[in-house]
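Colleague: Could you walk me through how to read helix packing and burial in a model like this one? I would like to take it feature by feature.

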Amino acid sequence: MTYEKTQALLNQAVADLSKAASIVHQTHWYMQGPGFFYLHPKMDELMDQLNETLDVVSERLITIGGSPYSTLKEFDQQSKLSEEVGTFDKSMTQRLERLAEVYRYLSDLFQEGLAVSDEEGDDPSNGIFSDAQDSIQKTLWMLEAEIGRSTSL
Ligand SMILES: [Fe+2]
């Protein structure tokens, strides 16, 4: 029994979740505008959720014989998410729209994870991808509601 594709997807998620948490942290620091008082602490919650998922994904990868990326350099090189140097010239809506893109990307990644773990018969990883996608999609809905549009799912 080999879980090769599932391992690769779990490790991709390790890199992307790490980078997503960094993008949320930048939002926490650089946001300006209406909503700051509730959105600033909300970013702490989102980071906690991403980091919890990261830990579960990473430990499942180790459990099935893989080696999770664990350095900032690996996260940066392996993640498909891109970052920009922080600036104070973006509106709150622009920042939330960027986060919605990031969450949409993660939702799509977990969809791929569901497919490969199903194909390889790795039910626990399948459950992890399912839980992760549920939580990411719920946040995506909230981000889009805050922006003032319907969910894009
Ligand atoms: Fe803070």
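Modeller: Gladly. Let's begin with a pair of helices: α1 and α2 cross in a left-handed sense. Keep in mind as we go that this is a predicted model.

Colleague: At what angle do the axes of α1 and α2 cross, and how close do they come?

Modeller: Angles here run between N-to-C directions, from 0 to 180 degrees. The axes of α1 and α2 cross at roughly 165 degrees and come within 9 Å. Angles over 145 degrees count as roughly antiparallel, so α1 is roughly antiparallel to α2. As for the contact of α1 with α2, its residues divide into 14 nonpolar, ten polar and two charged.

Colleague: What about α1 and α4: which angle and axis distance do they show?

Modeller: Helix α1 covers residues 4–30 and helix α4 covers residues 92–119; they pack at about 165 degrees, with axes 10 Å apart. That angle makes α1 roughly antiparallel to α4. The crossing of α1 past α4 is left-handed. By class, 15 nonpolar, six polar and six charged residues form the contact of α1 with α4.

Colleague: Now a single helix. What span should α2 have, and what do its end C-alpha atoms give?

Modeller: The idea is to take 1.5 Å a residue and compare the result with the model. For the 28 residues of α2 the expected span is 40 Å, and the end C-alpha atoms are 40 Å apart, which agrees. Just after α2, glycine 65 has a positive phi of about 95 degrees.

Colleague: Which residues of α2 are buried, and what do they pack against?

Modeller: Buried means under 20% relative accessible area. In α2 the buried residues are Leu39, Met43, Leu46, Met47, Leu50, Thr53, Leu54, Val57, Ser58, Arg60 and Leu61. These buried residues of α2 pack against α1, α4 and α5, the last of these being residues 123–147.

Colleague: Let's look from the α1 side. Is leucine 10 buried or exposed?

Modeller: Leucine 10, which lies in helix α1, has a relative accessible area of 0%, so leucine 10 is buried. To see what surrounds a residue, set aside the neighbours up to four places away in sequence. On that basis leucine 10 touches Val57, Arg60, Leu61, Ile64, Ser125 and Phe129. Separation in sequence and distance in space are worth reading together: leucine 10 and aspartate 55 are 45 residues apart in sequence and 11 Å apart in space, C-alpha to C-alpha.

Colleague: There are serines to compare as well. Is serine 18 buried or exposed?

Modeller: Serine 18 is also placed in helix α1. With 12% relative accessibility, serine 18 counts as buried. Beyond its neighbours within four places in sequence, serine 18 is in contact with Leu54 and Phe75.

Colleague: And where does serine 67 lie?

Modeller: Serine 67 is in the loop between α2 (36–63) and α3 (72–78). Its relative accessible area is 59%, so serine 67 is exposed. Even so, leaving aside neighbours within four places in sequence, serine 67 is in contact with Asn11 and Leu61. From serine 67 to glycine 121 there are 54 residues in sequence and 20 Å in space, C-alpha to C-alpha.

Colleague: One more: which helix holds serine 135, and what is its relative accessible area?

Modeller: Serine 135 is found in helix α5. At a relative accessible area of 28%, serine 135 is partly exposed. Serine 135 and serine 107 are 28 residues apart in sequence, with 9.2 Å between them in space, C-alpha to C-alpha.

Terms used
Residues are numbered from 1 along each chain as its sequence is written. This is a predicted model: local features need pLDDT of at least 70, side-chain atom pairs count only at pLDDT 80 or more; totals for chains, interfaces and linings use all residues. Side-chain values use heavy atoms; hydrogens and water are left out. Helices (H or I, at least four residues) and strands (E, at least two) are DSSP runs, numbered from the N terminus. Angles under 35 degrees count as roughly parallel, over 145 as roughly antiparallel, 65 to 115 as roughly perpendicular and the rest as oblique. A crossing is left-handed if the near helix is turned anticlockwise from the far one by less than a right angle, and right-handed if clockwise. Ala, Val, Leu, Ile, Met, Phe, Trp, Tyr, Cys and Pro count as nonpolar, Asp, Glu, Lys and Arg as charged, and the others, Gly among them, as polar. Buried means under 20% relative accessible area, exposed over 50%, partly exposed in between (1.4 Å probe, protein chains only). Contact means heavy atoms within 4.5 Å. The expected span of a helix is 1.5 Å times one less than its number of residues.
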